[in-house]
Each structure stands twice: as structure tokens, then as C-alpha cells.
Amino acid sequence: MDAADAASNNYPVTLPAIAIRDVVLFPHMALPLSVDRPKSIAGIECALKAGKYLLALTQKKPAVNDPAPEDLYPFGVVSEVSQSLKMPDATMRVFLDGKKRVRVKKLALDAQKSCLMAEVEYVQEQAEKTPEVIALMRHAAEMFEAYVRLGARITLDSVALLSHMEDPSKLADTVAANSIFNIPDRQEILETVDLRERLEKIIKLLAKEIEILDIEQKIHFRVRGQIEKSQKEYYLNEQMKAIQKELHQKDDFAKEVDELKKKIKAARMSGEAEAAAEKELARLAKMMPFSPESTVSRTYLDWLVHLPWAVETADAIDLALARKLLEEDHYGLKKPKERVLEYLAVCKLTQKLKGPILCFMGPPGVGKTSIARSIARAMGRNFVRISLGGVRDEAEIRGHRRTYVASMPGRIIQSIKKAKSRNPVFLMDEIDKMGSDWRGDPAAALLEVLDPEQNHEFTDHFLDVPFDVSKVMFITTANTLWGIPVSLRDRMEVIEFNGYTHNEKTAITKKFLMPKQLKEHGLGENALRINDPGIDAIIRGYTREAGVRNLEREIAAMCRRAARTVVETGVKEIKVTADNLGDYLGIPKFVRDLAAVNGPGRATGLAWTENGGEALSVEAVAVPGKGDLLLTGKLGDVMKESAQAAFSYIKSRELAPDSYIQAHNFHVHIPEGAIPKDGPSAGITIATALASLLSRRPVKKAFSMTGEVTLAGRVLSIGGLKEKVIASFREEVYTVLFPKANLKELEEIPAEIKDKMSLLPVSSMDEVLELALEKKSPKSAKAAPRKKAMGRG
């Protein structure tokens with residue numbers, strides 16, 4: 001139909017268009033619509049002004065909320081707006097009557113009218129009623145009637161109307177509008193202009209729908225028969241339960257068994273676990289309800305059904321977010337943070353966690369546990385923690401066997417149940433503090449848990465069926481590696497957490513500790529202020545640690561005192577400085593005077609402890625005796641042997657006459673005698689103190705040292721250099737002698753400390769004595785013979 005024919009029939013060639021979804025409008029079809037999109041409302045209003053005609057086009061993708069012209073099918077129906085109603089919520093309700101098929105020639109958004117405008121070409125339908133067309137019409141009507149009888153979605157009165165339709169196009173469109181529900185199929189029927197071809201397509205689609213409805217009906221009858229059978233069984237079961245109830249038999253117990261059966265099916269266990277659960281349930285059903293055996297069975301089944309056999313949290317490994325969370329939660333710790341981010345990157349690329357178990361090793365209070373929580377946050381996983389300190393029983397890990405009423409699973413299975421997912425971040429704290437006795441070795445039990453090649457079938461003694469813990473991210477913490485067996489250590493990758501520097505503690509106080517304690521003590525942000533010298537005084541005078549736990553306690557004590565002052569006096573703001581800090585925390589607990597300790601027979605050594613680096617004063621004196629070495633200060637065996645080696649080396653140097661040495665005992669003491677001390681790294685310090693005593697050359701002020709000494713005077717490497725240098729810096733001793741073999745570890749020392757210190761590598765005791773001892777003065781040289789004479793007498 002050309003433009004002239006369209007005009008003669010009062011159908012416009014250019015008219016507004018609206019997009020409809022989930023339905024295809026046919027000619028001779030009425031369609032109610034609820035319209036809420038602005039373009040569509042504008043199109044309807046434009047049509048109402050211009051003669052009530054508009055073009056209805058179906059969207060290709062119903063999910064598109066604001067379709068562009070290319071999102072619409074290029075074939076639609078010109079329809080008349082027969083009714084329209086504006087609603088209070090600015091939407092419209094309209095009725096569209098389909099009129100003519102059209103092919104879209106041009107479709108674009110009219111900026112002035114704010115709607116889609118279309119230029120269309122009216123399609124001339126071939127309406128000649130040949131005998132073949134009439135036969136197709138009858139066949140389509142018969143199949144439609146069969147479809148209605150099967151589907152029962154349309155009244156038979158509507159079918160009767162088809163027999164009176166003479167127009168084959170109208171009949172075909174009516175059948176298609178009421179029987180075909182697939183949008184692409186409806187659109188294909190709409191675009192088919194040839195009547196014979198259109199009727200054939202409708203018949204094929206109807207045959208397919210009738211076949212599907214026939215199958216649905218068969219399924220319906222079969223299910224209904226099954227339901228009737230189930231209802232009969234249910235009725236008989238209910239009768240049996242009623243009889244049992246009258247006889248006061250185990251009706252409640254039977255109900256409990258039924259509930260357990262449902263929970264077993266819902267738990268989605270492994271095949272082996274489900275078989276074990278069903279077998280145990282069958283045993284339980286035959287037991288007396290209140291027998292001890294039934295209690296054990298109930299407990300066992302309760303653990304099985306509540307474990308997260310198939311519950312997982314989706315991993316969301318975002319390195320940018322992980323870095324942000326680590327920076328928000330922790331200050332410093334650059335090396336551990338980088339290693340954690342590397343680990344997460346590998347997990348993201350491989351989509352699995354198989355590999356070494358992470359072990360965070362470092363002093364208390366440096367953030368090992370809290371960084372594990374941050375990892376869980378970054379991965380979107382649940383977090384669970386257990387402490388292994390003092391655990392001595394293997395059953396704590398593997399669980400107790402079900403031989404008595406109080407038996408229960410081990411702490412691994414308990415924690416996974418508590419986490420409510422099979423892939424949590426699992427932190428094992430204090431793994432270096434486990435013990436062992438006649439009940440077994442828990443460290444050996446952990447070998448299976450922490451081995452990626454075995455833990456996909458971890459078997460708890462209580463469950464007695466494998467549980468897959470391979471998707472759990474295990475993280476362990478330790479203060480030292482000495483307490484961890486070699487076989488267990490081999491399964492873990494150790495990430496060292498070193499102590500915080502003074503500047504890092506200052507920053508942590510400002511950024512984390514002060515805001516946290518002010519909030520916990522009900523003080524406003526400006527209620528308590530402390531300047532940098534005040535923070536420095538707390539760190540130096542009231543704490544001696546690698547971490548910040550004691551620092552936080554001292555800040556909490558200061559806040560408590562400030563809170564009391566605020567309540568009693570009503571003061572709005574309190575300022576704390578180094579001068580008035582004693583009013584809040586009392587007298588300082590530590591006095592830093594090691595820089596002035598060095599002198600004749602006195603040297604400063606450096607040691608590594610579980611709490612980080614420590615500076616030790618070593619004192620040596622000569623007393624009348626028989627040339628023996630006396631050691632005090634609660635020293636360990638290794639340190640005693642190191643002292644003996646240092647003494648033998650010094651005697652070999654002949655710094656004093658042999659007669660003098662044989663006439664005296666040499667007493668070496670390391671103060672703070674109540675604190676245990678051990679390790680070989682004090683060797684050069686003891687040797688220097690003895691050399692200073694015998695040579696009468698004092699040890700230089702502000703000198704500290706660390707290193708193991710041999711009988712030949714060689715200086716061997718030691719561990720914990722970074723912590724020891726930090727401890728020396730904390731004590732304001734800025735010159736450190738260390739083994740040349742540890743040169744590679746200097747890069748781990750923070751630049752802010754390294755730049756302010758003189759770090760001197762040594763490889764022999766000759767170098768140590770040359771650097772550490774003052775030059776011999778003429779006066780002291782003359783004094784030596786008199787000392788020898790005194791030794792003879």
C-alpha cells in the first residue's frame with residue numbers, strides 16, 4: 001500500500017511510535033497497556049493530538065529499559081488508541097486496537113516531541129481465498145480447537161467465533177494472537193505477508209504446542225496418581241501415629257527421627273558421609289529414646305547435619321581493596337603486606353589455594369592476628385581463630401572417638417562449623433607453644449591438616465568420615481620457630497614480622513591508638529591532646545617492647561585518668577606533655593642509661609627475645625681466686641658455653657701475665673638476673689668486657705655489639721640483626737658492631753634508623769677490640785706492673 005492508498009484509508013504515513021515488550025500486537029487484536037516510560041507516554045500523547053494512530057513495535061530484548069531504534073523489530077502494527085487514562089503516579093493506561101501491518105522505513109527520536117517518530121510503508125496482504133487457503137483455514141481452526149481443549153486457557157465460545165470468520169488474514173492473526181506465546185515466533189508470523197505461508201507456519205507451531213500440552217497432561221495425570229498414593233500412605237502413617245500416641249509409644253522420638261532424615265538430605269553431604277549418617281539414623285530408630293547410646297548417636301548426627309558440607313563464600317580477591325584494607329588496619333609492616341598481596345595475586349590467577357601454609361612469625365603485639373582478619377575481609381571470607389598455646393592432647397586436633405557420651409570432634413571441625421562455610425580464613429594462633437605428653441603429639445596431628453596434598457580428606461576421629469578442608473586458607477602465628485617441629489615447619493612459609501621502630505610507634509599512636517582509646521573512654525576528639533614529646537616520653541619511659549600492646553595499655557591508663565579529671569572538674573580540654581606526663585602515668589618504668597654504662601670491664605651487648613630486640617649490659621670483674629670463670633644472670637647453656645669460649649680466647653691473647661690470671665677468678669654478670677638469657681650472640685660482648693678488664697682499656701661510650709665468637713677469634717653470623725639494631729637505637733646507643741656475614745641484612749633496617757647510626761661490620765675479635773676499646777694511655781701502661789705485683793702477693 002503506497003502513501004496515496006494509506007491517505008485514502010485515513011492511515012498516516014508518518015506517525016509516533018512506542019516500544020512494547022513481552023508481547024507482539026497483531027491486526028484485529030485489542031491490547032491493554034500500562035505505560036510508564038517517558039518516551040512512550042510522549043508518543044501516546046502525540047498520537048491523541050494527531051488522530052489517535054500510533055505504531056506499536058516490539059523490543060528485541062525486553063530487559064532494555066530505554067530502547068534505541070535498533071533495539072526494535074522493523075515490522076509492526078499501526079494501532080488506534082481506543083481508550084486512555086492518566087494515573088496519579090504519572091503513568092498511563094491505554095487500549096490499543098491493531099489495524100494494519102507496516103514495514104518501518106525510518107525511525108528516529110523527535111527531540112521536540114520527545115518521542116519516536118516513524119515513517120512507514122503499509123503492506124498489501126494477499127487476501128484471495130483459493131481452495132488451498134480455505135483448507136488451511138479449516139485445518140487451523142480445528143487445531144486451534146484441539147489446542148484450547150488441551151490448554152483450557154481460552155473459552156470454547158472464542159473458538160466458535162472462528163467458524164464465522166471469512167477473512168483468512170483475520171483468522172490467522174486471531175489464532176496466532178491467542179495460541180503462540182514465544183515472541184520471536186509471533187514476530188515471524190506478523191512479518192509473513194503471504195496468507196498461505198502464514199497459515200502453514202501457524203499450523204506447524206500449533207502442532208508443536210499441542211504435542212507439548214499432551215505431554216504436560218500425561219505428566220499431570222501421572223503426578224496426580226503419585227500424589228494420591230502418597231496421600232494414602234500419609235493417611236495410614238497418621239493413623240499409625242495416632243495409635244502409637246494412644247498407646248503412649250515413641251511418637252515424639254519418631255518425629256525426631258523424621259526431622260533428622262530431612263536434615264541429612266538437606267545437608268548435601270559427601271556420598272560416604274551421607275551413607276554413614278543414614279546407617280547411624282537407622283540404628284538410632286531401633287534404640288530406646290533415653291538410652292546413653294541414643295545420646296551418642298544424636299550428638300553424632302547433629303554434628304554431621306550442621307557441618308557446612310557444601311556451603312562456600314564466593315571469593316572476591318581485589319588486590320586494590322586488599323592493599324587499602326591492609327593500609328587502613330596496619331601501619332608499617334611493608335614486607336609482610338607485600339608477601340600477603342603476592343599470595344592473594346597467585347590465588348586469583350590460579351583460582352585455588354594449594355600451596356604453602358602461611359606462618360606469621362614475630363614478637364607479640366606487631367599485628368599478626370589482626371592482619372589475618374584483614375585478609376579475610378579482603379577476600380570476603382568468614383574468619384575463625386583458635387589458640388593452640390598449651391594444647392597437649394592429639395584429640396584436641398583430631399577429635400575423640402565415639403566410645404563415650406562426652407566425646408566430641410576436634411577443634412578443627414568445631415571451628416569450621418562455627419565459621420558456617422567450608423572455605424573460611426582459619427587462624428591458628430601460638431602454634432609454637434604446643435606441647436606433647438602421653439596423650440599424643442598435636443603437632444603431628446596438624447601435619448595432615450596443613451598438608452595441601454592430604455587435607456582434602458581430613459578425617460576427624462569423631463566423625464570417622466573424610467571432610468574436605470583443602471579450600472580453607474590456613475594461617476598460623478608464632479613468636480619463634482624453635483618450638484615448631486621441623487616436619488611441621490616444612491609445610492609452612494614463614495613471613496617475619498619485625499618490631500616497630502620509634503617513628504612507627506609514634507605514627508601508630510596518632511593514627512590508631514589515641515582515637516581508639518578516646519572513643520572507648522567516652523572522651524571527645526579534642527578532650528585529650530598529647531604532643532609529640534609526650535608520645536615520645538611514653539614510648540621511651542613507660543614501654544620496652546617490639547609491638548604496641550603495652551603502649552596501648554599506657555595510653556588507656558592516661559585516658560582513664562583524664563576521664564576522671566573531666567568528670568570531677570568539668571574541664572573541656574586536657575593537654576598532656578612530657579613535663580606533666582608523670583601526673584597521669586606515674587614515674588617512668590624504664591631509665592635509658594646504657595650509653596653511660598660502658599667502661600673498664602663493662603660492655604653493651606644486643607640480644608633477640610620473643611619480645612623483639614633487647615640491649616644487655618655485660619660486666620666483668622677480677623677477684624682473688626684460681627683462674628676460674630664465674631657466670632651469673634640466669635644464663636642458658638648456650639650462652640655459658642659462648643662465655644667459656646670467649647674466656648679461652650682472651651687468655652690466649654696474653655693481655656695480662658699468666659700469673660695474674662691464675663691468681664684471680666673472673667666474674668661475668670649480665671644484670672636483670674630474674675630474666676632468662678640464652679644464645680651465642682653475646683660472645684663478642686663477653687670477650688670485649690674481659691679484654692677491657694685485663695688490658696685496663698675502657699670500652700668506648702655509646703658502643704654496642706653482637707656476634708658469636710670462636711676460639712680462634714672469628715666472629716660468626718647471628719640472627720635478628722634488625723631487631724637488635726632497633727633495640728640499640730631505642731637505647732640511644734648509635735654505634736653497633738656486627739658480623740660481616742650479616743651485611744646482606746642491612747637492607748631490612750629502616751632508613752630512618754640506618755641513616756642515624758654507625759653500623760660497623762667485623763669478622764674477627766682483633767677488629768672488635770681495635771674499634772671498641774679506648775687507646776691505652778701512658779698512665780695506664782705504667783699502672784699494669786703494679787697490678788701484676790699485687791697479683792703475686
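These legends walk through several close-up views of one predicted model. Because the model is predicted, local features need pLDDT of at least 70 and side-chain atom pairs count only at pLDDT 80 or more, while totals for chains, interfaces and linings use all residues. Residues are numbered from 1 along each chain as its sequence is written, and side-chain values use heavy atoms, with hydrogens and water left out.

**View 1. Lys 99 pairs with Glu 80 across two strands.**
A salt bridge here is a side-chain nitrogen of Lys or Arg within 4 Å of a carboxyl oxygen of Asp or Glu. Searching the whole structure turns up 36 salt bridges. One of them joins Lys 99 to Glu 80, with the closest N and O atoms 3.7 Å apart. Lys 99 sits in strand β5 (residues 92-110) and Glu 80 in strand β4 (residues 75-86), so the pair ties together parts that are 19 residues apart in sequence. Helices (H or I, at least four residues) and strands (E, at least two) are DSSP runs, numbered from the N terminus. Lys 99 is partly exposed at 28% relative accessibility, and Glu 80 is partly exposed too, at 24%. On this scale buried means under 20% relative accessible area, exposed means over 50%, and partly exposed is in between (1.4 Å probe, protein chains only).

**View 2. Arg 101 and Asp 173 form a buried salt bridge.**
The side chains of these two residues meet at 2.7 Å, N to O. Arg 101 belongs to strand β5 and Asp 173 to helix α5 (residues 168-179), so to speak distant parts of the chain, 72 residues apart. Both Arg 101 and Asp 173 are buried.

**View 3. Thr 192 is tucked into the loop between α6 (183-191) and α7.**
Thr 192 counts as buried because its relative accessible area is 6%. Its side chain reaches the backbone oxygen of Glu 188 at 2.7 Å. That is a polar contact, meaning a pair of N or O atoms within 3.5 Å; within protein, one must be able to donate a hydrogen and the other to accept it, and residues adjacent in sequence count only if both atoms are side-chain atoms. Leaving out residues up to four places away in sequence, Thr 192 touches Arg 101, Glu 197, Arg 198 and Lys 201. Contact means heavy atoms within 4.5 Å.

**View 4. Ile 215, Ile 219 and Val 223 make a nonpolar surface patch.**
The patch covers about 220 Å². Patches are built from residues with over 30% relative accessible area and no salt bridge, joining like charges within 9 Å and nonpolar side chains (Val, Leu, Ile, Met, Phe, Trp, Tyr) within 5 Å. Accessible areas come from the Shrake-Rupley method with a 1.4 Å probe, and for residues only the protein chains shown count as cover. Ile 219 lies in helix α7 (residues 195-246), and at a relative accessible area of 39% Ile 219 is partly exposed.

**View 5. Asp 468 and Arg 422 meet in a salt bridge between two loops.**
The N to O distance is 3.2 Å. Asp 468 is in the loop between β11 (466-467) and β12 (473-478), while Arg 422 is in the loop between α15 (411-419) and β9 (425-429), 46 residues apart. Salt bridges with shared partners join Glu 312, Arg 422, Asp 468 and Lys 471 into one network. Asp 468 is partly exposed at 23% relative accessibility, whereas Arg 422 is buried at 15%.

**View 6. Leu 528 is part of the largest nonpolar core.**
A nonpolar core is a set of buried Ala, Val, Leu, Ile, Met, Phe, Trp, Tyr and Cys residues joined through side-chain atoms within 4.5 Å. This one has 51 residues, and Phe 360, Leu 528 and Met 558 touch the most other members. Setting aside residues up to four places away in sequence, Leu 528 touches eight residues' worth of neighbours listed here: Met 514, Leu 518, Leu 523, Met 558, Cys 559, Ala 562, Ile 574 and Val 576. A second, separate core of 50 residues includes Trp 309, Ile 412, Ala 445 and Ala 478.

**View 7. Glu 654 has a positive phi although it is not a glycine.**
The angle is about 55°. Glu 654 is in the loop between α22 and α23 (658-662), and is exposed with a relative accessible area of 66%.
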